[in-house]
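Please look through the model shown here with its side-chain contacts in mind. The paragraphs after it go from a ligand shell to charged pairs and then to aromatic rings.

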Amino acid sequence: MNSQLAYIETFGCQMNERDSEIMGQLLTGSNYIETTRISDADLILVNTCSIRDKAEQKVYSLLGRLSKYKKRKPSLIISVAGCVAQQEGNRLPSRMPQVDIVIGTQNIYKLPELVNKIKKGHTPQIAIELTNTFEIPPYSATAPPAVQAPLAEKLDCSSEGEFKKFVTIMQGCNNFCSYCVVPHTRGREVGRSIGDIISEVEKLANANIKEITLLGQNVNSYGLSNQSSEKANKSAFPDLLRAVANIDGIKRIRFTTSHPKDLSEELMGCFTEIDKLCPHFHLPIQSGSNKVLKSMNRKYTIKDYLNKIDALRNYRPDIAISTDIIVGFPGETAEDFEQTMDLMEKVRFHSAFSFKYSDRPMARSTSFNDKISEAEKSERLSRLQKRQNEIIMDRNREYVGSTVQVMIEGKSKSSDTQWQGRTTTNHIVNFEANDLKKGQLVDVLITEACQNSLRGIYND
Ligand code: 5AD
Ligand code: SF4
């Protein structure tokens, strides 16, 4: 049977990237080959994000544009996955009749089955059941479908020159930050068993993968919550890091994302204890005002956060810290915002993702009073980003003159002798070199700081 072509577009976070990879593998198993040309596709999969209003609008704009492809090729199958699919369910195909499949965040393994049904003429197909219970034992072999071990056996990473991979260790979130849609679209927190995770990383290491990023909405609480049959185990995540570090062939370990309230002393200690653990920590602060943090339901204070940053820097002085910040949360006064600006001076983040607050369906803050105007939010965001860019530049300058370890990511597009790689602190480095391999580790002397990267000299 001739293969058909599948085009996959992914919006949003690394969890989505990983889910798209799994769905891509499932489609390969159903006789599809991935294409990068949307106009050639027999199946289009859009893996969506609804974390902020802007992200959701981008999805609708793409879905709107897809109807012309469907008109040209009526057999084209259009499938929508991810948080918008979960959130909108039946509403999606009624609003956008070009959509054939709506596949929720915990149903990605059903994709081949749904595609088959569409081929048999059953349309549309909707699979958005969400297991919002605490009844699934997180450390048993009966993990729910969305967190089952993926098809790692089918991987031959060495042939594609791949050297780094995401490994999902948990799904969902129990925190219910008041602005956030995630607990509603991804359900309650469920962890994969440590045995499943380790066997996946071993397979990846055998396939020549050098760097692993452990993924979850809040990896710091891995092993802590929804323990129906197992006792909460505070050391579960540090133990997982230790076990991954023991796997030969894995050179670098990263994880994302973390919640300040669950960041334990033991986890911080791992930055001294585990050489392979990269000294980069993404620790979303969200606001510099205790009042706003309370209203966001974040469950820590600025003092707690700053203490943890100090402790992390004690354990690992070279650690780079990045964060997420929301400006214009309902009720955020000019004074609250100044406190956020003040916090940025205190921490001097190596990088920061900053966003204007937007109302999200099902999020509690959507019903809060004292919304901030768009104009005010834009002004605060641009002030914050301007200052943060200056801090980033200063931070980048701190590397000039030092020699750093770089993992090669590939050649730069502009020149055959320009290479690009990443430091353990997650900085991009550009430099001249001849023959290097993706995933290779080299030492580079940093000679210049730029806004989004570093430049350096590599001496063989
Ligand atoms: N509005 C703006 N930013 C948001 N984020 C999450 N929800 C919202 C929202 N409703 C941001 C947070 C989070 C990041 C992934 O997205 O900063 O850490
Ligand atoms: Fe959303 Fe908060 Fe959970 Fe992060 S920790 S996914 S911001 S609810």
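What follows is a walk through selected contacts of this structure, which is a predicted model.

A useful place to begin is ligand 2, which is surrounded by Cys173, Asn175, Phe176, Cys177, Tyr179, Cys180, Val182, Pro183, Gln217, His259 and Arg298. Sorted by class, this shell comprises seven nonpolar, three polar and one charged residues.

Turning to charged side chains, a search of the whole structure finds 37 salt bridges. One of them joins Arg252 and Glu211, whose closest N and O atoms are 3.9 Å apart; this pair links distant parts of the chain, with Arg252 in strand S11 (residues 252-256) and Glu211 in strand S10 (residues 211-215), 41 residues apart. Both Arg252 and Glu211 are buried. Another salt bridge brings together the side chains of Arg348 and Glu398, at 3.4 Å from N to O, and here the partners sit in loops, Arg348 between helix H13 (334-347) and strand S14 (351-356), and Glu398 between helix H14 (374-397) and strand S15 (403-411), 50 residues apart. Arg348 counts as partly exposed because its relative accessibility is 26%, and Glu398 is likewise partly exposed, with a relative accessible area of 43%.

A salt bridge can also lie within one helix: the side chains of Glu374 and Lys377 meet at 2.9 Å, N to O, and both residues belong to helix H14, where they are three residues apart, about one turn of the helix. Glu374 is partly exposed, with a relative accessible area of 48%, whereas Lys377, at 6%, counts as buried. Elsewhere, salt bridges link Arg18, Glu21, Glu162, Lys165, Arg192 and Glu200 in a network.

The aromatic rings can be followed in a similar way, since the whole structure contains ten aromatic pairs. Phe237 and Phe255 form an edge-to-face pair, 5.1 Å centre to centre and with 90° between the planes; because Phe237 lies in helix H9 (residues 236-245) and Phe255 in strand S11, the pair ties together parts that are 18 residues apart in sequence. Phe237 is buried, with a relative accessible area of 1%, and Phe255, at 8%, counts as buried. Phe329 and Phe368 also form an edge-to-face pair, with 6.1 Å between centres and 85° between planes. Phe329, at a relative accessible area of 0%, is buried. Ring pairs link these two residues with Tyr179 and Tyr357 into a cluster, and Tyr179 is also one of the residues around ligand 2.

Finally, charges meet rings where Arg52 lies over the face of Phe355, at 3.6 Å from the ring centre, and where Arg95 lies over the face of Tyr60, at 4.0 Å from the ring centre.

Terms used:
Residues numbered from 1 in each chain as written. Chains lettered and ligands numbered in written order. Predicted model: local features only at pLDDT ≥ 70, side-chain atom pairs only at ≥ 80, totals over all residues. Heavy atoms only, no water. Near = heavy atom within 4 Å. Nonpolar A, V, L, I, M, F, W, Y, C, P; charged D, E, K, R; others polar. Salt bridge = Lys/Arg side-chain N within 4 Å of Asp/Glu carboxyl O. Helix = DSSP H or I, 4+ residues; strand = E, 2+ residues; numbered from the N terminus. Buried < 20%, exposed > 50% of the residue type's maximum accessible area, 1.4 Å probe, protein only. Phe/Tyr/Trp six-rings, centres within 6.5 Å; stacked < 30°, edge-to-face > 60°. Lys NZ or Arg CZ within 6 Å of the ring centre and 35° of its normal.
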